[in-house]
Amino acid sequence: HLAIAVIAALPFAAKVSHLAMPELLRRYGSGRIASIAIWLERAGFLIAAGFGLIRPVGMALHGLLAGFALGALGQALYDGSMTALHSEATSADNVGRYTATKTRWASGGGLVLGVLASLAIDTTEHLGVPAHIARALAIACGVGVHVLLTGPLRRLIVIASHRVAEENAEEPAPLLPTPTTPTSALTRQRSWIVFPRTAEQWTLTRFALAWGFAMAISARQGEAMALSLLGVSVGTIMLLNAVAVGSAVIGAKWWGMLGDRFGGKGLMSIALAGLALDPLWWLASLFLHPGFLVLGYLLQTTGELCL
């Protein structure tokens with residue numbers, strides 16, 4: 001459970017790198033950061049898969065965690081840079097359609113690949129392949145599929161570069177006040193570490209820390225409980241994650257309808273209320289019926305999609 005807790009904490013610890021993301025983007029650009037981060041992510045997870053496959057005496061767990069930490073750092077940098085890259089690649093009037101299209105394709109692809117991976121890993125283990133080998137090869141195959149993103153990423157960088165060049169050629173718009181500073185705009189901050197500077201930003205930061213801590217414990221320890229106490233296979237956990245990712249296609253429509261009905265604040269309140277109940281589904285699956293796992297995965301993913 002300690003190793004599971006460390007694995008659960010590493011992605012959130014890696015997101016501390018987002019404090020330096022504004023300066024990284026200013027100096028090197030979103031495209032360059034994304035290109036480096038995606039290979040850092042692949043290298044880290046391949047290192048983790050290698051230690052899981054070879055299992056050197058006395059070093060297997062340490063190597064696995066080190067590789068996973070490196071992969072999580074690359075993933076955090078990739079996510080931060082891709083957020084900026086997506087905003088650069090589309091215009092303000094197209095951002096809704098762009099985001100919806102991206103979400104549908106990502107969810108559909110995640111569903112298909114996740115189902116295939118879950119079937120493959122359970123099948124190989126049933127055929128007598130040792131569990132550590134089957135799971136390490138699954139990670140390696142996942143990284144191999146991830147390499148297919150190289151071409152689309154380069155195309156996206158080119159599109160974003162052209163749009164940024166066109167916008168820079170135009171006359172710059174006047175600096176307007178931000179929502180958190182109604183009377184005046186914040187001065188530009190040039191630093192490697194960017195901290196919140198308003199009461200609203202600190203409130204949001206505290207909420208994000210508490211929410212991330214709670215969700216990490218619930219998800220990872222819940223999966224450990226499912227594996228050890230309910231007898232759920234690794235392939236089944238992967239299948240549940242794939243179905244949850246695929247549910248974002250349906251969940252996006254529901255959240256859109258609720259957003260039109262209750263507005264942004266009301267929608268966030270509904271999503272947070274649903275996410276707050278997430279531990280109940282894990283407890284229900286433990287004491288009542290394992291089928292509650294499916295409900296928990298679906299509600300958690302659609303709620304995170306809204307946020």
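**Exercise 1. Classify glutamate 23 by its relative accessible area, then find its salt-bridge partners.**

Step 1. Glutamate 23 has a relative accessible area of 4%, so it is buried. The classes are: buried under 20% relative accessible area, exposed over 50%, partly exposed in between (1.4 Å probe, protein chains only).

Before going on, note the ground rules. This is a predicted model, where local features need pLDDT of at least 70, side-chain atom pairs count only at pLDDT 80 or more, and totals for chains, interfaces and linings use all residues. Residues are numbered from 1 along each chain as its sequence is written, and side-chain values use heavy atoms, with hydrogens and water left out.

Step 2. Apply the salt-bridge rule: a side-chain nitrogen of Lys or Arg within 4 Å of a carboxyl oxygen of Asp or Glu. Glutamate 23 pairs with arginine 26 at 2.6 Å, N to O. Glutamate 23 also pairs with arginine 27, at 2.8 Å, N to O.

Step 3. Place the residues. Glutamate 23 and arginine 26 sit 3 residues apart in helix α2 (residues 21–28), so about one helical turn separates them. Arginine 27 is in helix α2 too, 4 residues from glutamate 23, again about one turn. Helices (H or I, at least four residues) and strands (E, at least two) are DSSP runs, numbered from the N terminus.

Step 4. Check the partners' accessibility. Arginine 26 is partly exposed at 41%. Arginine 27 is partly exposed at 47%.

Step 5. Join the pairs. Glu23, Arg26 and Arg27 form a network of salt bridges.

**Exercise 2. Which residue forms a salt bridge with glutamate 125, and which helices hold the pair?**

Step 1. The partner is arginine 135, with the closest N and O atoms 3.0 Å apart.

Step 2. Glutamate 125 lies in helix α5 (residues 95–126) and arginine 135 in helix α6 (residues 131–146), so the bridge ties together parts 10 residues apart in sequence.

Step 3. Glutamate 125 is partly exposed, at 21% relative accessible area. Arginine 135 is partly exposed as well, at 36%.

Step 4. Take the total. The rule gives 3 salt bridges.

**Exercise 3. Compare the reach of α6 with its expected span, and list its buried residues.**

Step 1. The expected span is 1.5 Å times one less than the number of residues. For the 16 residues of α6, 22 Å is expected.

Step 2. From first C-alpha to last, α6 reaches 23 Å, close to that expectation.

Step 3. The buried residues of α6 are Ala134, Ala136 and Val143.

**Exercise 4. Is histidine 86 buried or exposed, and what is it in contact with?**

Step 1. Histidine 86 belongs to helix α4 (residues 60–89).

Step 2. Its relative accessible area is 19%, so histidine 86 is buried.

Step 3. Leave aside neighbours within four places in sequence. Histidine 86 is then in contact (heavy atoms within 4.5 Å) with Tyr98, Lys102 and Leu156.

**Exercise 5. Describe the whole protein: helices, strands, burial and contacts.**

Step 1. The protein has 11 helices and 0 strands.

Step 2. Of its 307 residues, 31% count as buried.

Step 3. Take the contacts with a separation of 6 or more. Residues 24 or more positions apart account for 76% of them.
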